[in-house]
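Please work through the following exercises with the sequence and the model side by side. Each task is followed by a solution that goes step by step.

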Amino acid sequence: MFLNRIRAATFAEQETKVYKNSNLKTLRATGGCGGNGCISFLSLWSNEFAGPDGGDGGNGGHVIFKANSATKDLINVPPIIRAEDGEKGQNKDCNGKNAPHCIVDVPVGTVVKNANGVVVGDLSSEGIMFVAARGGAGGKGNHFFVTDTEQAPKICEYGAEGEDLEYTLEIKSMAHVGLIGFPNAGKSTLLSAVSRARPKIAPYPFTTLKPHIGMVQYDDYEQIAVADLPGLIPESHKNRGLGIQFLKHAERCTALLYIIDLSLDKPWQYLHTLQYELSQFSKHLLERPQLVIANKIDLPEAEKNLELLKQETDLKVIPVSAKLGTNITQLLQEIRVIYDQNKTDDL
Ligand SMILES: Nc1nc2c(ncn2[C@@H]2O[C@H](COP(=O)(O)OP(=O)(O)OP(=O)(O)O)[C@@H](O)[C@H]2O)c(=O)[nH]1
Ligand SMILES: [Mg+2]
């Protein structure tokens, strides 16, 4: 009993810690118990001893994780999941009803780890299921135990208990950092400036159609994966442009970097649109670490726009020129700070 309480306390601590993070969740899954078998003897008006008629119990439900693309994060997955118990057997050979399985929807790309941290499941495509805790089998009623020598058994089975297991669910991230911006903002140019990746760069929108990942190498051999994502436009969350496809990629990045083109008129409007689109897709996306990269500082008007942009947002703004390589070192330092902070938070 005492031991149980300690266990519960550590579980609760873990829970509060991971609740902040919609990409990671520790939970306990318990299968339903099987229904007990029944002991009963039938008695009819014409036959007082018509024989044993105790039915079997129903099976307990399983707890099942199912990959569902409509689910965006693990926030709504409860910390304790218990499937229903099977019904007990009844007289007149009535078997108890099997309990329904408890199916918990998780985002596509969720990795399941057991209590020892070993990966036991990878829900990488839509509809894949993982049985987290099996329900107990129903117990047999006394009718089952009738033999040639024992015609009136007074025995039955209890239903078996369901499995009780702890798991950690984690959404597999694509990259530590995702570059988010309108088409032509210079995302691909920036990725090639900070890493050895060579995505296609061109002065027309939607050059990048698929995400590219580049590795940023630091002097202490730390490597940070940066993803160049396809461009985002207003109403992407309604599947305009490359739409939902793009937003799904953004979701699998731990930190979000907004790339804003400073040469455009009123660049802060673009930042607000990007944030709005992300929040429409999943309201927890904006809780992730964020940074604004003000690109194309080499162009005219950029200096003036930079000051205005800084006034319009609370986020840290770093001016760079991806094309000329201006201020890239400071940007890499800032990315490293974000990365280190989130590493210690166990993201
Ligand atoms: N002057 C200047 N031009 C830049 C800078 N960064 C990017 N560009 C130019 O902007 C254009 C678009 O750059 P890309 O890197 O292809 O832009 P993108 O954001 O990847 O665009 P999509 O893939 O279409 O979403 C190219 O012509 C680049 O040469 C910069 O810092 N200064
Ligand atoms: Mg591009």
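The exercises below go from the whole chain to sheets, cores, single residues and the ligand.

This is a predicted model, in which local features need pLDDT of at least 70 and side-chain atom pairs count only at pLDDT 80 or more, while totals for chains, interfaces and linings use all residues. Residues are numbered from 1 along each chain as its sequence is written, and chains are lettered from A and ligands numbered from 1 in the order in which they are written.

**Exercise 1. The whole chain**

Task: State how many helices and strands the protein chain has, and what percentage of its residues count as buried.

Solution: Begin with the secondary structure, where the protein chain has six helices and 14 strands; helices (H or I, at least four residues) and strands (E, at least two) are DSSP runs, numbered from the N terminus. Next take burial, for which a residue is buried if 20 or more other C-beta atoms lie within 10 Å of its own, exposed if 12 or fewer, and partly exposed in between, with C-beta atoms placed from the backbone. By this criterion, 43% of the 347 residues of the protein chain count as buried. Finally consider contacts, meaning pairs of residues whose C-beta atoms, placed from the backbone, lie within 7 Å: among those between residues at least 6 apart in sequence, 71% join residues at least 24 apart.

**Exercise 2. The sheet of five strands**

Task: Give the strand order of the open sheet with five strands, and explain why one side of S3 and of S6 is left without a neighbour.

Solution: The order is S3-S1-S8-S5-S6, and the pairing is mixed; two strands pair if DSSP finds at least two bridges between them. S3 and S6 stand at the edges with a single partner strand each, so one side of each lacks a neighbour in the sheet. Neighbouring strands of this sheet are turned against each other by 25 degrees on average, direction ignored, where the axes are lines fitted to C-alpha atoms, for helices over the stretch in contact, and angles run from 0 to 180 degrees between N-to-C directions.

Now follow S5 (residues 110-114), which runs antiparallel to S8 (residues 164-171) and is joined to that strand by five bridges. Val-112 has Leu-169 as its bridge partner in S8, and Val-111 has Glu-170 there. S5 is also joined to S6 (residues 119-123) by four bridges, again in antiparallel fashion, and in S6 Val-111 stands opposite Asp-122. The hairpin of S5 and S6 has four residues between the strands, and in this hairpin Gly-117 takes a positive phi near 80 degrees.

**Exercise 3. The sheet of three strands**

Task: Find which strands stand at the edges of the open sheet of three strands.

Solution: This sheet has the order S4-S2-S7 with mixed pairing. The edges are S4 (102-106) and S7 (129-133), each with a single partner strand, so one side of each is left without a neighbour in the sheet. From one strand to the next, the twist averages 30 degrees. S2 (residues 63-67) and S7 run antiparallel and are joined by four bridges, with Met-129 in S7 as the bridge partner of Lys-66.

**Exercise 4. Nonpolar cores**

Task: Name the residues that touch the most other members of the largest nonpolar core.

Solution: A nonpolar core is a set of buried Ala, Val, Leu, Ile, Met, Phe, Trp, Tyr and Cys residues joined through C-beta atoms within 7 Å. In the largest, of 46 residues, the members that touch the most others are Ile-180, Tyr-258, Ile-260, Ile-293 and Ala-294. Strand S12 (residues 253-261) gives the most to this core, with seven residues. Apart from this core lies another, of 18 residues, which includes Phe-65, Ala-99, Cys-102 and Val-106.

**Exercise 5. His-101**

Task: Is His-101 buried or exposed?

Solution: His-101 lies in the loop between strand S3 (80-82) and S4. With 21 other C-beta atoms within 10 Å, His-101 is buried. Not counting residues up to four places away in sequence, His-101 touches Gly-61, His-62, Ile-64 and Ala-83.

**Exercise 6. The surroundings of ligand 1**

Task: Which residues come nearest to ligand 1?

Solution: Of the 24 residues around ligand 1, the nearest are Gly-186, Ser-188, Pro-203, Thr-208 and Gly-231; a residue is near a molecule or strand if its C-beta atom, placed from the backbone, lies within 6 Å of it. Helix H2 (residues 187-194) gives the largest share of this shell, three residues.

Definitions and conventions. Contact = placed C-beta atoms within 7 Å.
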